[in-house]
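Subject: A structure for you to look at

Hello! I am passing on a structure that I have been reading through, and I would like you to open it while you read this email. My notes follow below.

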Amino acid sequence: MLLGLVTLLQDSLLTPKADTVATAANAAATADQQIRLLDLLMKGGVLMIPLGILSLIAVFVFVERYITISKAGKLENNFMPMIRDHITSGNMQAARSISKNTASPIARMIDKGIQRIGKPIESIEKSMENVGKLEIYKMEKNLVILAIISGIAPMFGFLGTIAGMIQTFFNISITSDITLGTIAGGIYVKMITSATGLIIGIVAYICYSFLNAQIDKVINKMEASSAEFIDILQEPTR
């Protein structure tokens, strides 16, 4: 019985130490796994450099275009009512002053319409339409960069993987080492570029589609304001 108590006491003293050692081993393994993940990104090869550059360009273009388009879509709610009041009262100078002092594609389009007041409605509509096309072009500027990145980033990734596989099989042909570990070790490292390229391409395409949707919202506002302005011109003056 005394021997059993001694054994139980030893187990109770050693168990926490064993748990501590196991926990420390797991933490070390987790840290080692994180380090290996970073190493994998570094092992992607030379083509990881252009992929990184493409990702930075995509982020810059998205942020710059998003800020520009957001500003273009902002317009005070009382802008068109004020334009209506001044035009119907015959105060064209005040209406022109409001449109010129408002930094918005809609305001610039309305300003062109005010300048053409007195000419046929068709001529006014055409002038406003031309200004609208220029404003849309300004909003869509550099969006094609995101479209290009969404297409070529996966290609760069696949190119890196193919180059890595060629290198792997070339090494196998020289060393005659065709073990599964050698083949898999060379391929999974080189597939990092494919995964990276696909992620960059998908994100760039999502950003491109999102910005196009925002531009469409601004275009709808421009069309609604243009139609309202034409209606104002056809109203009788006070």
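Let me begin with a term you will need: a crossing of two helices is called left-handed if the near helix is turned anticlockwise from the far one by less than a right angle, and right-handed if clockwise. Please also keep in mind that this is a predicted model.

**The overall picture**

The chain has nine helices and zero strands. If you follow the sequence from start to end, the pattern reads α-α-α-α-α-α-α-α-α. Of its 238 residues, 30% count as buried. Among contacts with a separation of 6 or more, 78% are between residues 24 or more positions apart.

**Two helices side by side**

In general, a pair of packed helices is described by the angle between the axes and the distance between them. Try this with helix α3 (residues 79-88) and helix α4 (residues 92-100): their axes come within 7 Å and cross at roughly 160 degrees. Angles over 145 degrees count as roughly antiparallel, and α3 and α4 are therefore roughly antiparallel to each other. Now the term from the start comes in, since the crossing of α3 and α4 is left-handed.

Which residues of α3 and α4 make the contact? From α3 they are Phe79, Met82, Ile83, His86 and Ile87, and from α4 they are Met92, Ala94, Ala95, Ile98 and Ser99. Sorted by class, this contact has eight nonpolar residues, two polar ones and no charged ones.

**A helix that is largely enclosed**

Next, find helix α5 (residues 105-115). Eight of its 11 residues are buried, so α5 is largely enclosed by the rest of the structure. The buried residues of α5 are Pro105, Ile106, Ala107, Met109, Ile110, Asp111, Gly113 and Ile114. The elements that cover them include α2 (48-73), α3, α4, α6 and α9, so you will meet α3 and α4 again here.

**Salt bridges**

How many salt bridges does the count come to? The count is six, and here are some that you can look up.

- Arg65 pairs with Glu64, and their closest N and O atoms are 2.7 Å apart. Arg65 is buried, because its relative accessibility is 5%, whereas Glu64 is partly exposed at 27%.
- Glu228 and Arg84 meet through their side chains in a salt bridge of 3.6 Å, N to O. Glu228 lies in helix α9 (residues 192-233) and Arg84 in helix α3, so this pair ties together parts that are 144 residues apart in sequence. Glu228 counts as partly exposed at 27% relative accessibility, and Arg84 counts as partly exposed at 25%.
- Lys138 and Glu135 form a salt bridge through their side chains, at 3.8 Å from N to O. Both are in helix α6 (residues 121-140), and because they are three residues apart there, about one helical turn separates them. Is Glu135 buried or exposed? Glu135 is buried, with a relative accessible area of 5%, while Lys138 is partly exposed at 48%.

There is one more thing to see around that last pair: Arg108, Glu135 and Lys138 are linked in a network of salt bridges.

A good way to start is with α3 and α4, whose axes come within 7 Å, and then to go on to α5, where eight of the 11 residues are buried. After that, look for Glu228 and Arg84, joined by their salt bridge.

Enjoy exploring!

Best wishes

How values were computed. Residues numbered from 1 in each chain as written. Predicted model: local features only at pLDDT ≥ 70, side-chain atom pairs only at ≥ 80, totals over all residues. Heavy atoms only, no water. Axes fitted to C-alpha atoms, helices over the stretch in contact; angles between N-to-C directions. Helix = DSSP H or I, 4+ residues; strand = E, 2+ residues; numbered from the N terminus. Parallel < 35°, antiparallel > 145°, perpendicular 65-115°, else oblique. Contact = heavy atoms within 4.5 Å. Nonpolar A, V, L, I, M, F, W, Y, C, P; charged D, E, K, R; others polar. Salt bridge = Lys/Arg side-chain N within 4 Å of Asp/Glu carboxyl O. Buried < 20%, exposed > 50% of the residue type's maximum accessible area, 1.4 Å probe, protein only.
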